Amino acid sequence: MTEAGRLESAEESYREVIRLLPDFAEAHVNLGLVLARRGDPSGAAAQYRRALEVRPDLAAAHFNLGALAERTGDLERAIGHYRETLRLDPAYPGARNTLGVALAKQGRFPEAAAEFEEAIRRHPDAAEPRNHLGILLLQQRDVDGALARFETAIRLDPSLADAHNNLGIAHRRRGDLDAARAAYEEAVRLRPDFAEARNNLGAVLMRQGLLDEAARQFEGALRARPEFEAARKNLQRVRAMRQ
């Protein structure tokens, strides 16, 4: 069965459950998740709100309303829902890290850092908050602090391609092109369609004079993201250098 077929079947199943048990709040949340994946955010939001009418203390409904709001760029509303999620369930999986990301998007870096630090305190083995804290430290030009966070994130979750890419950025900031290249190569190995990592790898290869390899990385970045203007400009530049 295709993904579309599985989602259609899941929607039918949850609607039948709700028909039989209209006050089953978790079924409304699950239907909302399916509708969101099927490209119906307004339908999804309606289901999450219905779940809260039945169960005002259902943290999952607030979290998913926050995710919908963040997707549409309404960060203030998203932050409100994430905070309510954590008020209802301080240990809700991923909520504190997600709140930190939303705060960082608003430029509220000290608040974001505090959320990432609290997520690390509560979940010492979680890689994502360490990765995001590293990004904040990079923005504050604390390259050594960022490197430490990225390395720890990778130790905790070696499959986290974003952390490998960010580690590469940190190494490049320090001028260590070989270490940056290795980190970017691992990010691409883990996620072959990772356009940003391919563009970053291509930029290092270009600096090292490996123009053919650099061009292949820029071309790969554009296959993954045809609208990626930075990769397009880099590809034009490396082609000019090869002439």
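The exercises below go through the fold, the cores and two arginines of a predicted model.

Residues are numbered from 1 along each chain as its sequence is written, and side-chain values use heavy atoms, with hydrogens and water left out. In this predicted model, local features need pLDDT of at least 70 and side-chain atom pairs count only at pLDDT 80 or more, while totals for chains, interfaces and linings use all residues.

**Exercise 1. State how many helices and strands the chain has, and what share of its residues is buried.**

Solution.
Step 1. Helices (H or I, at least four residues) and strands (E, at least two) are DSSP runs, numbered from the N terminus.
Step 2. By that rule the chain has 14 helices and zero strands.
Step 3. Buried means under 20% relative accessible area, exposed over 50%, and partly exposed in between (1.4 Å probe, protein chains only). Of the 243 residues, 47% are buried.
Step 4. The C-alpha atoms fill a box of roughly 70 × 40 × 30 Å along the principal axes.

**Exercise 2. Find the largest nonpolar core and the helix that gives the most to it.**

Solution.
Step 1. A nonpolar core is a set of buried Ala, Val, Leu, Ile, Met, Phe, Trp, Tyr and Cys residues joined through side-chain atoms within 4.5 Å.
Step 2. The largest such core has 51 residues, and Val-29, Tyr-48, Leu-58, Ala-61 and Tyr-82 have the most contacts inside it.
Step 3. Helix H4 (residues 59-71) gives the most to this core, namely eight residues.
Step 4. Another core, of 23 residues, lies apart from it and includes Tyr-184, Ala-195, Leu-201 and Ala-215.
Step 5. Contact means heavy atoms within 4.5 Å. Leaving out residues up to four places away in sequence, Tyr-82 touches Phe-63, Gly-66, Ala-67, Glu-70, Thr-98, Leu-99 and Ala-102.

**Exercise 3. Say where Arg-141 sits and what its phi is.**

Solution.
Step 1. Arg-141 is in the loop between helix H8 (128-139) and helix H9 (143-156).
Step 2. Its phi is positive, about 65 degrees, although Arg-141 is not a glycine. Most residues other than glycine have a negative phi.
Step 3. Arg-141 counts as exposed because its relative accessible area is 76%.

**Exercise 4. Place Arg-232 and list its contacts beyond four places in sequence.**

Solution.
Step 1. Arg-232 belongs to helix H14 (residues 229-242).
Step 2. Its relative accessibility is 32%, so Arg-232 counts as partly exposed.
Step 3. Beyond neighbours within four places in sequence, Arg-232 is in contact with Leu-222 and Pro-226.
Step 4. Phe-218 is 14 residues from Arg-232 in sequence, and their C-alpha atoms are 7.1 Å apart.
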